[in-house]
Structure formats: C-alpha cells, structure tokens
Amino acid sequence: MGVAIRTADEGDRDLVVRILDEAFQDDPVSGWVFPDAQDRRAKHPGLMAAFTDVVLASGRVDLTEDGSACALWLSMPAGEHDGDAEDDGPAQVRQAVDPDNERIEAIGRLTAAIHPSGRAHEYLWMIGVAPGRQGEGLGTALIESVLDRCDREGRPAYLEASNARSRELYERLGFELAGPVLDLPDGPAMWPMWREPRPHRVS
C-alpha cells in the first residue's frame, strides 16, 4: 500500500515542528548543537521552528497524510549557495533561537560552505519521522516521491546525512558521498551526499 503524501502549508507548521523536534532530539548533530539534554529539550523546538519557517516560505514541506513524517525541500538554482560569508541567515537563526549558542550559527555556516553550487538541484534539508513510526518506510516514501520527479526532470538531489543509519538509507536511494566528510568541531560527522538523476528509473 502506498503512502499518501501532501504538501504542507502554514496550518501544518506546529505539526511539522513537533515531528522534527521529536525525530531529532537524539540525533548526533542536535546533540552537538545543544550538548545539555535539558537545554536541548527547551530550545531544540525553536530551532526546528526556524528551519520550518524558512522552508515554508522558500521551499516545500512534504507531509504524510497521517501526520507522522515530513521532509523539507529547497529548490536550489546554480551558483547561489556557495557559503557566502556575508549571508546573515545563520546569524539570524541564532539570534532568534538562542543568541548565546554559537553552534547554531556554526552549523549553518559549515553546511553552507560544503554545499555544491555548480548545478541546480533539489536539496533535502531535513526529513523527520515520528519515533514510534520509524522503520516503516515513511522516510523512503517521502524521498522517493521527489526523486521520481528529479528523474523525470533530469535534476540532481543533495543532502547532508547526520548519522550512519540515515547515510545507509540514502545510499540505497542512489546518493553518493559528494566530498570530504564534514567533521564538526569536537563533534560528530556529517556526510554531504549527491544523487544524479536516473532517466529510466521505474517507480
């Protein structure tokens, strides 16, 4: 049976934020940004809300019809995401979420610095599945719905894997390591991954 997917809107914001908060509370990168567990529980939802607002405004949020999983996508034109040091987006997010936490800004700048800029592509910023629903194929369904379109349009896709388990999933979907691993300072690794379109891919 297929997974019903729809495009989220502003009315789904709180649901999307809750899914992402629950899905990433124990993620290694979230643990690096907020090392103290109590602090993470308090401030992590605000970071997920900031990310959700960016994508609702400039990209697309896909949501399973049952509200258990979501994926945040941005369509990236060529040459407009080269880690420009003048970009104040990461600083604005830090100011809004937790001005004293330098790692909020750092994660934005570090990932921007490794983001490929030569070709237009779809960027999977985040994907989250409610903890009680993980392992059911919901994340795969969300990603494949966009990869099918990428294949039809001849468009690549890009993401950063934040843990080994997700990296294995992305590899199964055709993503390959796109450059040096990003080792966060005194923290975990993130894997930049790129997928070329498959013109004859069968859904």
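1. Charge. In this predicted model, the chain carries 37 negative and 21 positive side chains. The centres of the two sets are 5 Å apart.

2. Overall dimensions. Along the principal axes, the C-alpha atoms occupy a box of roughly 50 × 35 × 30 Å. The radius of gyration is 16 Å, which agrees with the value near 17 Å for a compact globule of 203 residues.

3. Secondary structure and contacts. The chain contains 7 helices and 8 strands. Counting contacts between residues at least 6 apart in sequence, 73% link residues at least 24 apart.

4. Burial and surface. Buried residues make up 46% of the 203 in the chain. The exposed area is about 10100 Å², and 48% of that area comes from carbon and sulfur atoms.

5. Helix 1. This helix covers residues 13–24, 12 residues in total. From first C-alpha to last, helix 1 spans 16 Å, close to the 16 Å expected at 1.5 Å a residue. Its buried residues are Val16, Val17, Ile19, Leu20, Asp21 and Phe24. An α-helix has 3.6 residues a turn, so residues three or four places apart point the same way. The list of buried residues in helix 1 includes Val16, Leu20 and Phe24, and also Val17 and Asp21. An acidic residue, Asp21, is thus listed as buried along with Ile19 and Leu20.

6. Cover over helix 1. The buried residues of helix 1 are covered by several elements, among them helix 2 (28–33) and helix 3 (37–58). Strand 2 (60–64), strand 3 (69–76) and strand 4 (121–129) also contribute to that cover.

7. Serine 30. This residue belongs to helix 2. Its relative accessible area is 8%, under the 20% cut-off, so serine 30 counts as buried. Beyond its neighbours within four places in sequence, serine 30 is in contact with Phe24, Arg40 and His44. Of these, Phe24 is one of the buried residues of helix 1.

8. Aspartate 186. The residue sits in the loop between strand 7 (182–183) and strand 8 (189–195). Its phi is positive, about 55 degrees, although aspartate 186 is not a glycine. Most residues other than glycine have a negative phi. The relative accessibility of aspartate 186 is 81%, over the 50% cut-off, so this residue counts as exposed.

Key: Residues are numbered from 1 along each chain as its sequence is written. This is a predicted model: local features need pLDDT of at least 70, side-chain atom pairs count only at pLDDT 80 or more; totals for chains, interfaces and linings use all residues. Side-chain values use heavy atoms; hydrogens and water are left out. Helices (H or I, at least four residues) and strands (E, at least two) are DSSP runs, numbered from the N terminus. The radius of gyration is taken over C-alpha atoms; the globule rule is 2.2 Å times the number of residues to the power 0.38. Buried means under 20% relative accessible area, exposed over 50%, partly exposed in between (1.4 Å probe, protein chains only). Contact means heavy atoms within 4.5 Å. Accessible areas come from the Shrake-Rupley method with a 1.4 Å probe; for residues, only the protein chains shown count as cover. Lys and Arg count as positive and Asp and Glu as negative; His and the chain ends are not counted. The place of a charge is taken as NZ of Lys, CZ of Arg, CG of Asp or CD of Glu. The expected span of a helix is 1.5 Å times one less than its number of residues.
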